[in-house]
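Work through these exercises with the sequence and the model open side by side. Try each task before reading its solution.

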Amino acid sequence: MVKHIILWNLKDEFNNDEIKKGIKEGIESLMGKIPGLLEISVQTEKLDSSTADVMLYSVFESEEALKAYAVHPAHVEVANTKVRPFTASRACLDFIV
């Protein structure tokens, strides 16, 4: 299995509950649409000690499944309409478990 974790910081003008809700709903809607995607969730609630605004946690059956997810049309659509326009920075960590 491969875990794929992303942390985003939103652009100041888009750091609000409506944008976060759109990111969460868009990304979580991918479950069941992409082969090899076993689990996906987005966290938008955070403690004051946090240094990121939104977190994606996902699990894939293999590294190949993660690579396929990255270019899957459903994922690209969500990324291009619900995430990328609103984010200022992105950090990613992928690892095998």
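**Exercise 1. Place Ala 88, and decide whether it is buried or exposed.**

Step 1. Ala 88 sits in strand β4. Strands here are DSSP runs of E with at least two residues, helices are runs of H or I with at least four, and both are numbered from the N terminus.

Step 2. Ala 88 has a relative accessibility of 56%, so it counts as exposed. The cut-offs are: buried under 20% relative accessible area, exposed over 50%, partly exposed in between, with a 1.4 Å probe and protein chains only.

Step 3. Leave aside neighbours within four places in sequence, and Ala 88 is in contact with Asn 9, Leu 10 and Lys 11. Contact means heavy atoms within 4.5 Å.

Step 4. Ala 88 and Val 2 are 86 residues apart along the chain, and their C-alpha atoms are separated by 26 Å.

Two notes on the source. This is a predicted model, where local features need pLDDT of at least 70, side-chain atom pairs count only at pLDDT 80 or more, and totals for chains, interfaces and linings use all residues. Residues are numbered from 1 along each chain as its sequence is written, and side-chain values use heavy atoms, with hydrogens and water left out.

**Exercise 2. Work out the strand order of the open sheet.**

Step 1. The sheet has 4 strands in the order β2-β3-β1-β4, with antiparallel pairing. Two strands pair if DSSP finds at least two bridges between them.

Step 2. Find the edges: β2 (37-43) and β4 each pair on one side only.

Step 3. From one strand to the next, the twist averages 10 degrees. Axes are lines fitted to C-alpha atoms, for helices over the stretch in contact, and angles run from 0 to 180 degrees between N-to-C directions.

Step 4. Count the bridges pair by pair. β2 and β3 have 6. β1 and β3 (residues 54-60) have 7. β1 and β4 have 9.

Step 5. Add the helix. α1 (residues 17-28) lies across β1, β2 and β3, and runs at about 175 degrees to β2.

**Exercise 3. Name the residues that stand opposite one another in the sheet.**

Step 1. Start with Ile 6. Leu 56 stands opposite it in β3, and Cys 92 does so in β4.

Step 2. Move along to β3 partners. Leu 7 faces Met 55, and the bridge partner of Trp 8 is Val 54.

Step 3. Cross to the other pairing of β3: Glu 39 stands opposite Val 59.

**Exercise 4. Which side chains of β1 are buried?**

Step 1. Recall the rule: in a regular strand the side chains alternate between the two faces of the sheet.

Step 2. Apply it to β1. Val 2, His 4, Ile 6, Trp 8 and Leu 10 point to one face and are buried. Lys 3, Ile 5, Leu 7 and Asn 9 point to the other and are not buried.

Step 3. Check Val 2. Its relative accessibility is 5%, so Val 2 counts as buried. Beyond four places in sequence, its contacts include Ser 58, Leu 66 and Phe 95.

Step 4. Follow the contact to Ser 58, which is found in β3. Ser 58 is buried because its relative accessible area is 0%. In β3, 6 of the 7 residues are buried.

**Exercise 5. Describe the loop residue Pro 85.**

Step 1. Pro 85 lies in the loop between α3 and β4.

Step 2. At 32% relative accessibility, Pro 85 is partly exposed.

Step 3. Outside four places in sequence, Pro 85 is in contact with Lys 11, Phe 14, Ala 79 and Asn 80. Pro 85 and Lys 11 are 74 residues apart along the chain, yet their C-alpha atoms are separated by 8.8 Å.

**Exercise 6. Which elements line the largest pocket?**

Step 1. The largest pocket has a volume of about 260 Å³. A pocket is an open set of points on a 1 Å grid over the protein atoms alone, where a 1.4 Å probe fits, with protein on both sides within 12 Å along at least five of seven lines; lining residues have an atom within 4 Å of a point. The volume is the space filled by probe spheres set on the points.

Step 2. Of its 17 lining residues, Ile 6, Trp 8, His 75, Arg 84 and Arg 90 are the closest to the centre.

Step 3. β1 (2-10), α2 (63-71), α3 (73-83) and β4 (87-96) each supply at least two lining residues. α3 gives the most, with 4.
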